[in-house]
Amino acid sequence: MTTSVHQLDDGAWLSVNDSREVNVSDLWWLARQDFCDCEMADFLAEGFVEIGVDHPDVEGRVAGQCIACGESGVTDWVTLGRVVDPDEGEFYAVDPTSVHVPERRRRLARPAES
Amino acid sequence: MASKVEGWKDEVYGEEVRDHLFRFAEEGWSAIPDEEHDAWFERFKWWGLYHQRKGQESYFMMRVGTPNGRMTPEQLRVVGEIARDYATGPVDNPEFGDAYCDWTTRQSIQMHWIQLQDVPEIFEKLEAHGLSTIQACGDSWRNIVGSPMAGRDADEHIDAWPVIKELNETFKGNDDHSNLPRKWKVAVTGDTRGSGQAEINDLGFEPATKDGRKGFNVTVGGGLSRKEPRFARDIDVFVTPDTLPDVAGGLSALFRDNGDRDDRFNARIKFLVDEWGTEKLRRVLQEEYVDFELPSAGENLREGYTYNSGRSDETGDYVGVHDQVDGQNFVGLSVLVGRMGAEDVIELADLAEKYGSELVGLTQRQNIVVADIADEDLDEFLAEDLLEHYSPDPHPFMRGSIACTGTEYCSLSIVETKNRMVRYARWLKNNVELPEGLTDFHIHLSGCTASCAQPQIADISLRGMKTRKDGEPVEAFDIGLGGGLGENPQFADWVEMRVAADEVPGYIENLLGIYEERRDEGESFREFIARHTDDELNGLAEPEETSYEDPYLGNTKLTWYPYADDSDMDAAPTPADD
């Protein structure tokens, strides 16, 4: 089956296959990032702006701010979790408290479904 | 490409959602197909039902829209009874107990822990008493806001209530206006206080006079959400009560046809006004949506506005005893953060009826007003036990504090709100000496940038944040100063960022000390802030730990309900939604 992904409730949630999986208001460590000048951004997620799939990863661009320096804006693409087997549909979220590396994606990543 | 929500709305939306809702209610929660949850929850909003956050699956927040916040005592009792009978959650809230109503900043009513199977019964009870949840949420005409005492308030330019009723009847359940690109918030005010807060609504009608005729000037495109606050823009149009509905309908249709349906973050009409400007908006309205010549704006009454205005001479918030046009009185009662226990709601309804009141009203400051109290009954009414808690003469820190829903139920919020604001207000009342003459002081606490507690228009603006304290994440606030409406509306300047929540009361104490020491004679707090530059405001006062204790400070992990003994997500007593 296809994996359905979208942001929900004004960007409060990443929904995967109609299940609310990743929420805003967590702190994410972002390394190797262009978001701010900090070596590692201590990033407060305030809203999911865009969601995409780069199989098997589910990725998002997230609005928020670095609570260390105060820079606010939208991140590059951050991996939010994985759907390893689309037939099974099980979503495995990443742990926000570990360190994440945002990526600039080279192709348009706005398929509503893939 | 139209957004996913637009796709769901194209399939089923508006009135027809009700039949599906009742079918699911009859068959039970599990009848909603797993893969259709998000679509149905989006559609249910149109009927005032908002699925609660993760960990609270199968429970809904129910919103009842009461135009201008107006109810009869009988309707108020019905609301209290529904809260008592259907809105009791699995765990008590430590400040508010087991069942309560929230009076919102848009004069609506919110109740939590509503279950799908109870919806038909609740709707039946509401509708039997002239109440409804229709379009309380979702992409359509929301609850119309304005003076709860329209037609009774002695400080009134024009009684707007008849035309508000007409708008409500015309645009609720109206197929032509039931599916807009986004929410559509309307304010209509005929009083002289400015209590409609039209400045922060998508569409506003404010009192005005033109050529000796009383009516309204029209403003479009206000709103506070998402760090993109806008005051509504004057489109240079005057309407009378006769022409107001046509202009309101024309602007709603213009928004329906021209708003952004591809990007929900860009969909509110404030962004269309940014893009077009007011001249084009007016021209398109004139050429395509109304069939009479639009008169230019009349003379407004803004100079006299007192509602949330930061004036030192007058407070227009309805709290206290006020004259009615018929010689009776209305009495505004302070409801701290707008949350009132269900039994108290019922008791107030009984009291209102006992004293012959035919009207109670909710205000945008989350308070409640009881109308029609005769002079000879006034002392007795004011001596009622219930008014000790819901006071007509509250301490300024209790009177001026409002808060949104917060992490208790809301997915977007970053912090606990209502319970914390209660603790802030109590601590400030008990520990901070008020500067002499300070009778009104507004603290608006909002959990996130959605700004449901209208944080940008307060003396002290608090917006939910996080920070680290000793390396550990804690709840925090950005602090803004100097916001308010009145003659010259102003958004707050954000001057202290990421202040740990337990240091906010100390900051306010320190700031008020500086105000008392340095203010000019007769200078209101807002005026004092306004004469300082941004640079001067940054660091004007220091955040500080005090005797205030904050039990919610470290609540940074998602729980199913923060006040449960076992609050872990795994302990949620709800069916999983996957």
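**Reading contacts and backbone in a two-chain model**

Me: Which side chain has a polar atom 2.8 Å from the backbone nitrogen of His37(B)?

Reply: The side chain of Asp18(A) does. Keep in mind that this is a predicted model. Asp18(A) sits in the loop of chain A between strand E2 (13–16) and strand E3 (19–23).

Me: Does a charged residue like that call for a partner, and which side chain of opposite charge is nearest to Asp18(A)?

Reply: Side chains of opposite charge can pair when their charged atoms come close. For Asp18(A) the nearest candidate is Lys4(B), at 6.6 Å. A salt bridge needs a nitrogen-to-oxygen distance within 4 Å. Asp18(A) has no salt bridge, although it is buried.

Me: How many salt bridges does the structure hold over all chains?

Reply: The total is 44. One of them pairs Lys9(B) with Glu6(B), with N and O 2.8 Å apart. These two residues belong to helix H1 (residues 4–11) of chain B and are 3 residues apart, about one turn of the helix. Both Lys9(B) and Glu6(B) are buried.

Me: Which parts of the chain does the salt bridge between Glu42(B) and Arg264(B) tie together?

Reply: The closest N and O atoms of Glu42(B) and Arg264(B) are 4.0 Å apart. Glu42(B) is in helix H3 (residues 37–44) of chain B, while Arg264(B) is in the loop between helix H7 (244–258) and helix H8 (269–276) of chain B, so the pair links parts that are 222 residues apart in sequence. Glu42(B) and Arg264(B) are both buried.

Me: Is each partner in the salt bridge of Arg531(B) and Glu523(B) buried or partly exposed?

Reply: Read the relative accessible area of each residue on its own. Arg531(B) comes out at 39%, so it is partly exposed. Glu523(B) comes out at 10%, so it is buried. The closest N and O atoms of this pair are 2.7 Å apart.

Me: Which residues are joined into one network by salt bridges that share partners?

Reply: The members are Asp9(A), Glu6(B), Lys9(B), Glu42(B), Lys45(B), Asp139(B), Arg261(B) and Arg264(B).

Me: Now a polar contact that is not a salt bridge. Which side chain makes a polar contact with the side chain of Arg20(A)?

Reply: The side chain of His51(B) does, at 3.3 Å. A polar atom of the His51(B) side chain also lies 3.1 Å from the backbone nitrogen of Ser58(B). His51(B) is in strand E1 (residues 49–51) of chain B. The relative accessible area of His51(B) is 5%, so the residue counts as buried.

Me: Next, the backbone. What is phi of Arg32(A), and what is phi of Tyr318(B)?

Reply: Most residues other than glycine have a negative phi, and most peptide bonds are trans. Phi of Arg32(A) is near 45 degrees, a positive value. Phi of Tyr318(B) is also positive, near 80 degrees. Arg32(A) lies in the loop between strand E4 (27–31) and E5 of chain A. Tyr318(B) lies in the loop between strand E10 (299–300) and strand E11 (320–323) of chain B.

Me: Is each of the two buried or exposed?

Reply: Arg32(A) has a relative accessible area of 74% and is therefore exposed. Tyr318(B) has a relative accessible area of 1% and is therefore buried.

Me: Where is the cis peptide bond with omega about 10 degrees?

Reply: That bond joins His55(A) and Pro56(A). Pro56(A) is in the loop between strand E5 (40–54) and strand E6 (57–66) of chain A.

Me: How many helices and strands are in chain A?

Reply: Chain A has 0 helices and 10 strands. Of its 114 residues, 54% count as buried.

Me: For helices, then, turn to chain B. At what angle do H14 and H15 pack?

Reply: Helix H14 (residues 418–431) and helix H15 (residues 504–518) of chain B pack at about 40 degrees, and their axes are 10 Å apart. This angle makes H14(B) oblique to H15(B). The handedness of their crossing is right-handed.

Note on methods
Residues numbered from 1 in each chain as written. Chains lettered and ligands numbered in written order. Predicted model: local features only at pLDDT ≥ 70, side-chain atom pairs only at ≥ 80, totals over all residues. Heavy atoms only, no water. Helix = DSSP H or I, 4+ residues; strand = E, 2+ residues; numbered from the N terminus. Buried < 20%, exposed > 50% of the residue type's maximum accessible area, 1.4 Å probe, protein only. Lys, Arg positive; Asp, Glu negative; His and termini not counted. Polar contact = N/O pair within 3.5 Å; in protein donor to acceptor, adjacent residues only side chain to side chain. Axes fitted to C-alpha atoms, helices over the stretch in contact; angles between N-to-C directions. Parallel < 35°, antiparallel > 145°, perpendicular 65-115°, else oblique. Left-handed = near helix turned anticlockwise from the far one by under 90°.
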